[in-house]
Amino acid sequence: MESIPRRNLLGVSGALAGGTLLGLAESEGEEPEEKSKREPRLKVVVVGAHPDDPETGCGGTMALYAAAGHRVTALYLTRGERGIRGRSLEEAARIRTAEAQEACRILGAKPLFAGQIDGDTATGNRRYQEFQKIVQGEDPDLLFTHWPIDRHRDHRAASMLAFDAWLKLDRKFDLYFYEVVSGRQSQTFSPTHYIDITATESLKKKATYAHASQNPEGLYRRHDLMNRFRGAEYRCEFAEAFVRHVQGGDHEFRF
């Protein structure tokens with residue numbers, strides 16, 4: 001892999017330095033109310049199989065885009081129906097939906113649910129068409145999804161559904177893959193791009209802890225190790241890593 005320049009490579013013209021996202025000179029001096037009135041310039045969709053997957057995989061990056069005024073959507077394939085031992089599917093879905101909504105509030109994202117069931121996800125023709133319609137409705141400029149080589153079937157399903165939607169929508173937006181619990185779930189993940197999330201790591205942690213039903217301390221501990229390891233690779237404190245599909249959109253996004 002060729003060396004990665006020290007800058008934000010997901011269409012962002014600058015890296016994080018001192019907690020400020022470089023390349024936002026036009027917004028310096030604006031009051032918070034003025035910033036909030038600016039129209040989002042990018043539409044970012046992050047696909048995850050379950051509540052907590054987008055947050056743990058790239059929550060820091062989500063928070064960066066949201067803080068910069070872009071529209072960020074967490075698209076959950078399921079509501080985590082089988083994620084709480086001793087609870088019915090309906091009870092678990094209700095609890096985990098609320099947790100996802102709170103996590104998204106923390107990160108500045110919008111939660112969206114694709115309607116499949118945890119542990120029973122599918123990628124047949126009907127499911128591909130359904131998912132494509134959802135993605136098309138969001139009209140993303142950037143789409144993030146699970147790395148497809150993963151021990152969890154739901155993660156693989158989410159990845160393939162997102163990939164198929166990207167293909168069917170003429171590859172007009174950029175496609176990135178993220179990792180979750182690398183080594184245990186994501187396998188053979190070799191990054192092409194990094195994002196310095198040092199300024200938003202605390203928000204990522206808070207969003208992870210919003211998933212109170214999922215042993216958040218243990219959940220975050222595993223991803224904290226990843227954040228630090230990727231940060232060491234990228235020569236910063238905390239980073240998230242991605243694989244970009246080389247046939248993505250030919251436009252370059254800049255703040």
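Two residues are taken to be in contact when heavy atoms of each lie within 4.5 Å. On this basis, in the predicted model described here, His146 touches Val47, Gly48, Ala49, Asp53, His155, Ala158, Ser159, Phe177, Tyr178 and Val180, with residues up to four places away in sequence left out of the count. His146 belongs to strand S6. The relative accessible area of His146 is 1%, and because buried denotes a value under 20%, this histidine is classed as buried. The side chain of His146 also comes to 3.0 Å from the backbone nitrogen of Ala49, and Ala49 is among the residues that His146 touches.

At the level of the whole protein, the secondary structure consists of seven helices and nine strands. The protein has 255 residues, of which 54% count as buried. Among contacts with a separation of 6 or more, 79% join residues 24 or more positions apart. The accessible surface amounts to about 12000 Å², and carbon and sulfur atoms contribute 48% of this area.

The largest pocket holds about 400 Å³ of space. Its lining comprises 20 residues, and those closest to the pocket centre are Asp52, His152, Gln185, Leu219 and Arg222. Two elements, helix H2 (53-67) and helix H7 (216-234), each give two or more residues to this lining. The greatest contribution is that of H7, which provides three residues. Sorted by class, the lining of the largest pocket contains eight charged, eight polar and four nonpolar residues.

Asp52, one of the residues closest to the centre of the largest pocket, is placed in the loop between strand S3 (43-48) and H2. Its backbone is notable in one respect: Asp52 is not a glycine, yet has a positive phi of about 100°. Most residues other than glycine have a negative phi. The relative accessibility of Asp52 is 8%, and this residue therefore counts as buried.

A positive phi is also found at Asp139, likewise a residue other than glycine, where the angle is near 50°. Asp139 is located in the loop that runs between H4 and strand S6 (142-146). With a relative accessible area of 32%, Asp139 is partly exposed, because this class covers values between the 20% limit for buried residues and the 50% limit for exposed ones. The two aspartates thus fall into separate accessibility classes, Asp52 being buried and Asp139 partly exposed.

Enclosed space was examined as well. Across the whole structure, two cavities of 30 Å³ or more are found. The largest cavity contains about 50 Å³ of space. It is lined by Leu77, Ala114, Gln116, Arg127, Glu130, Phe131, Ile134 and Leu161. Strand S5 (110-116) and helix H4 (125-138) each supply at least two of these lining residues. The largest share is that of H4, with four residues. The lining of the largest cavity divides into five nonpolar residues, two charged residues and one polar residue. Helix H4 thus takes part in the lining of the largest cavity and also borders the loop in which Asp139 is found.

Definitions and conventions:
Residues are numbered from 1 along each chain as its sequence is written. This is a predicted model: local features need pLDDT of at least 70, side-chain atom pairs count only at pLDDT 80 or more; totals for chains, interfaces and linings use all residues. Side-chain values use heavy atoms; hydrogens and water are left out. On a 1 Å grid over the protein atoms alone, a cavity is a set of points where a 1.4 Å probe fits but cannot get out, and a pocket is an open set with protein on both sides within 12 Å along at least five of seven lines; lining residues have an atom within 4 Å of a point. Grid points are joined across faces, edges and corners, and a volume is the space filled by probe spheres set on the points. Ala, Val, Leu, Ile, Met, Phe, Trp, Tyr, Cys and Pro count as nonpolar, Asp, Glu, Lys and Arg as charged, and the others, Gly among them, as polar. Buried means under 20% relative accessible area, exposed over 50%, partly exposed in between (1.4 Å probe, protein chains only). Accessible areas come from the Shrake-Rupley method with a 1.4 Å probe; for residues, only the protein chains shown count as cover. A polar contact is a pair of N or O atoms within 3.5 Å; within protein, one must be able to donate a hydrogen and the other to accept it, and residues adjacent in sequence count only if both atoms are side-chain atoms.
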